[in-house]
Amino acid sequence: MAFNKRVKIKSLLEGDFVGQELTLMGWVRTKRSNKNVSFVALNDGSSINNYQVVADPNIISEDTLKRITTGACIKVIGEIVASQGAGQSSEISASSITILGDADPEKYPLQPKKHSLEFLREIAHLRMRTNTFGAVFRVRHALAYAVHKYFNDKGFFYIHTPIITASDAEGAGETFKVTTLDLKKPPLHEDGSINFKEDFFERETNLTVSGQLEGELAAMALSEIYTFGPTFRAENSNTTRHLAEFWMIEPEMAFYDAEDNQDLAEDFLQYVISYALENCKDDLTFLDKRASEEEQSKKADQRSEMGLLDRLKFVTENRFERITYTEAIDILRNSNPNKKKKFQYLIEEWGADLQSEHERFLVEKHFKKPVILTDYPKEIKAFYMRQNDDGKTVAAMDILFPGIGEIVGGSQREERMDKLTQRMDEMHIPQEEMWWYLDTRRFGATPHAGFGLGFERLVLFVTGMSNIRDVIAFPRTPGNAEF
């Protein structure tokens, strides 16, 4: 078959191959025929663009032409010739077509018509064959590559933190348990509680919610590290922003303070988004058009003022505004939406946990640029964040983007043993279970910082999709673990 001799459509569209005999392989998007010739739109996933195959019924048998239906997989050998039609400069004149895989048009669900995203989620095993999802997953790949390239070029080391852990980094308790015990007859203590000493790890374990704590351990030896791996939250939430399984990027840096942390996060976000703009032009142009059409179906007050490409350039071309949580509360409390009670959650006093509507107001209406919010009340933040001298706030930061609100959360970490253990006691986090984490403060402690970025949230922002389930190949959500 000589599969390795095939030329990818992306390469074909970018070069000049007219006059050469080539082999193409891909899936049929559409076929139209007249008495003299059939035109087949072929796609192999390398590009959002199809390539036209011209099939002469005097050369290609009638039986083969009948089997060329939407979804079928074919191999085409032929000469690349200048195209007579509009849309592309060349096409392939087929000298032979081999059917690699049939697709019964009566049963194949992806016929050439508009399918709803809800329907496509039900056939997630096939949805990557559509233009929308092909574009999303090519962009996702480019962003993942850019993440690794950015940190590698800066001298960071990639650490694989454990997927199975005995800690709940956030202290939220929404974890998936990991066990090999017989669920029908688990071993019990005398008081009726489960005896996890009989379990595989001889203790209670769960899927990780974050690689941060282990990442800190590595940063205390290697200085600058990052993690990029799957994380899991057993939160029974069916919103467009939540997944039970998602990927997190978590850099941790020794010898960094809060300002260094903000500088790195801003530079990192601008780099990876610029990389996508530069390397995914066709896909982002398509997704920009798609997002614009979706906006038109929304109520006027819910529409974004910027198109997708405008939003991406808005982030890459503007310095991020840096303000404290206290300054943000003052701005929000005195804002028109708050005074006129248009916010769903009114801002009345310092200490309120900001919602997406508040974050978007600051970015899209007030500053008209991305915002880094700093110095949050310690009562609404995690135990490991460094306490500020005022006794009320911590050296935390959230980065806010247009259309999406918070995209990054991070902080300078608390390196002072007395302050850390005091906060753990206040939040009822047992010190004996975290002895290994506390050792990094006992032995050679140093100021250090880090942040977390939910990768799907980044992909959501860059692709302009409106539901996080549409930027991961096989979404895991409450009641759904298909495929």
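In this predicted model, three strands make up an open sheet, arranged in the order β7-β9-β8 with antiparallel pairing. The edge positions fall to β7 and β8 (177-178), each of which has a single partner strand, so one side of each is left without a neighbour in the sheet. Between β8 and strand β9 (residues 205-207) the antiparallel pairing runs over 2 bridges, and here Lys177 stands opposite Asn206 of β9. The edge strand β7 spans residues 164-165 and includes Ile164. With a relative accessible area of 38%, Ile164 is partly exposed, and it takes part in a nonpolar surface patch together with Ile163, Phe200 and Phe201. This patch covers about 390 Å².

A further set of strands can be followed from β1, whose antiparallel contact with strand β4 (residues 73-82) is made through 7 bridges. Within this pairing, Trp27 has Cys73 of β4 as its bridge partner. On going from β4 to strand β5 (residues 90-101), the pairing is again antiparallel and extends over 10 bridges. One of the residue pairs here joins Lys75 to Thr98 in β5. Strands of a sheet pair through backbone hydrogen bonds, in either the parallel or the antiparallel sense.

Another run of paired strands is centred on β14 (residues 393-401), a mostly covered strand in which 9 of 9 residues are buried. Strand β13 (residues 371-377) runs antiparallel to β14 and is joined to it by 6 bridges, with Pro377 facing Thr393 of β14 as its bridge partner. β14 also pairs with strand β15 (residues 405-413), in the antiparallel sense and over 6 bridges. In that pairing Phe401 is matched with Gly405 of β15. The two strands β14 and β15 form a hairpin with 3 residues between them. In the turn of this hairpin, Gly403 has a positive phi of about 80 degrees.

Turning to charged side chains, the model holds 27 salt bridges. Side chains of opposite charge can pair when their charged atoms come close. Two of the pairs described here lie within a helix. In helix α2 (residues 62-67), Lys66 and Glu62 are 4 residues apart, about one turn of the helix, and their side chains meet in a salt bridge with an N to O distance of 3.6 Å. Both Lys66 and Glu62 are exposed. In helix α13 (residues 435-442), Arg442 and Asp439 are 3 residues apart, again about one turn, and their closest N and O atoms are 2.7 Å apart in a salt bridge. Arg442 is partly exposed, its relative accessible area being 43%, and Asp439 is also partly exposed, at 23%.

A salt bridge of another kind links residues that are distant in sequence. Arg121 pairs with Asp470, and their closest N and O atoms are 2.9 Å apart. Arg121 belongs to helix α3 (residues 117-122) and Asp470 to the segment after α14 (455-463), so this pair ties together parts that are 349 residues apart in sequence. Asp470 has 0% relative accessibility and therefore counts as buried. Salt bridges also form a network, in which Asp263, Glu266, Arg319 and Arg322 are linked.

The second largest pocket holds about 990 Å³ of space. It is lined by 34 residues, and the closest of these to its centre are Lys113, Thr130, Asn131, Thr132 and Phe286. The elements that contribute two or more residues to this lining are β1 (21-33), α3, α4 (131-153) and α7 (281-296). Among the contributions to the lining, that of α7 is the largest share, at 5 residues. Two of these lining elements have already appeared above: β1 is the strand that pairs with β4, and α3 is the helix that carries Arg121.

How values were computed:
Residues numbered from 1 in each chain as written. Predicted model: local features only at pLDDT ≥ 70, side-chain atom pairs only at ≥ 80, totals over all residues. Heavy atoms only, no water. Salt bridge = Lys/Arg side-chain N within 4 Å of Asp/Glu carboxyl O. Buried < 20%, exposed > 50% of the residue type's maximum accessible area, 1.4 Å probe, protein only. Pairing = 2+ DSSP bridges. Patch = residues over 30% accessible without salt bridge, like charges linked within 9 Å, V, L, I, M, F, W, Y side chains within 5 Å. Areas by Shrake-Rupley, 256 points an atom, 1.4 Å probe, with all protein chains shown as cover. 1 Å grid on protein atoms, 1.4 Å probe; cavity = no way out; pocket = protein on both sides within 12 Å on 5 of 7 lines; lining within 4 Å. Points joined across faces, edges and corners; volume = space filled by probe spheres on them.
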